[in-house]
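Visitor: I'd love a close look at a single part of this model. Could you walk me through it?

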Amino acid sequence: MNKLVIDRDNITLEDAREMVRLVNILYFRQKTYEKTNWMGINAAKCPMDMWVYQEIMHSLKTDLLIETGTLFGGSALFFANMFDMMGKGKVISIDLKLQKNLPQHPRIEYIESSSVELKVLDYLTAEASKAKSVTVILDSDHSAQYKLRELKEYSKFVTKNNYIIAEDTCFDYYPAWPEFGPGPTAAVQKFMKANNQFRVDRSKELHLLSFSPMAFLQKIM
Ligand SMILES: C[S@@+](CC[C@H](N)C(=O)[O-])C[C@H]1O[C@@H](n2cnc3c(N)ncnc32)[C@H](O)[C@@H]1O
């Protein structure tokens with residue numbers, strides 16, 4: 001067994017990094033995302049990531065945010081409220097099966113469908129062509145195969161300098177959920193190998209706690 005031994009009087013940077021990794025595993029395994037709410041509605045996210053999303057939206061003047069995976073709509077409402085403060089913007093949130101009683105907001109459009117359905121992709125192509133700055137957040141099916149498919153399709157909508165976030169790479173990165181098998185990290189690795197339009201921006205993990213390590217992908221060309 002490879003045990004972590006720490007000299008408390010002389011903690012190295014390497015020790016600290018390992019502790020951060022372990023804290024990330026603990027944070028995820030405690031299922032804190034099930035108890036994290038925005039305006040009383042569950043948002044299955046790490047709040048540190050949500051803070052960074054707000055910074056991306058504001059700094060890049062996002063006017064269209066596409067989200068795959070709605071669940072209870074807490075994240076869609078969060079993005080819509082950020083747009084309220086920015087005075088512009090629209091959220092399109094897609095889910096295989098939309099829940100009843102989703103939060104209603106004039107800036108949110110919900111679509112019930114598989115995220116890779118051709119009709120949906122055609123609609124998103126049209127909506128993205130009307131927007132100046134597009135951010136994409138992938139939070140639906142986290143299997144490596146599906147995430148890679150979404151990455152390929154949805155990366156087309158992202159505008160230059162903006163981001164696609166392949167959420168929940170924590171599953172197979174730290175790994176916080178090794179039993180899940182090949183997940184978002186495997187998808188990102190494959191995606192990044194085959195394209196030079198994006199770079200992995202690790203500066204977006206500055207708060208150390210993140211469900212999406214190596215998953216903030218910035219479009220550079
Ligand atoms: C992790 S939850 C989304 C959480 C939500 N974005 C939030 O932060 O609160 C994943 C959602 O993806 C949906 N989903 C699973 N497979 C999908 C697919 N192929 N297309 C669209 N949505 C899918 C599920 O129904 C589920 O509601």
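Visitor: How many residues surround the ligand, and which are the closest? Please take a close look at that part and what lies behind it.

Guide: Happy to, and please keep in mind that this is a predicted model. The ligand is surrounded by 20 residues, with G69, L71, S75, S140 and D141 the closest. By character, this shell splits into eight polar, six charged and six nonpolar residues. Among the elements that each supply at least two shell residues are β3 (64-68), α3 (74-86) and β4 (90-95).

Let's follow α3 from there. Its 13 residues reach 19 Å from the first C-alpha to the last, close to the 18 Å expected at 1.5 Å a residue. After the helix comes G87, with a positive phi near 80°. Within α3, the buried residues are G74, S75, A76, L77, F78, F79, A80, M82 and F83; S75 is also one of the residues closest to the ligand. The packing partners of this buried set are β1 (37-38), β2 (41-42), α2 (47-59), β3, β4 and β5 (108-112).

That brings us to the interior. The largest nonpolar core holds 42 residues, and I66, V136, I164 and A166 have the most contacts inside it. α3 gives this core its largest share, seven residues. Take V136 as an example: beyond its neighbours within four places in sequence, V136 is in contact with I66, Y154, F157, V158 and I164. There is also a second, separate core of eight residues, including F28, C46, C170 and F171. In soluble globular proteins, nonpolar side chains tend to be buried together.

Key: Residues are numbered from 1 along each chain as its sequence is written. This is a predicted model: local features need pLDDT of at least 70, side-chain atom pairs count only at pLDDT 80 or more; totals for chains, interfaces and linings use all residues. A residue is near a molecule or strand if its C-beta atom, placed from the backbone, lies within 6 Å of it. Helices (H or I, at least four residues) and strands (E, at least two) are DSSP runs, numbered from the N terminus. Ala, Val, Leu, Ile, Met, Phe, Trp, Tyr, Cys and Pro count as nonpolar, Asp, Glu, Lys and Arg as charged, and the others, Gly among them, as polar. A nonpolar core is a set of buried Ala, Val, Leu, Ile, Met, Phe, Trp, Tyr and Cys residues joined through C-beta atoms within 7 Å. A residue is buried if 20 or more other C-beta atoms lie within 10 Å of its own, exposed if 12 or fewer, and partly exposed in between; C-beta atoms are placed from the backbone. Two residues are in contact if their C-beta atoms, placed from the backbone, lie within 7 Å. The expected span of a helix is 1.5 Å times one less than its number of residues.
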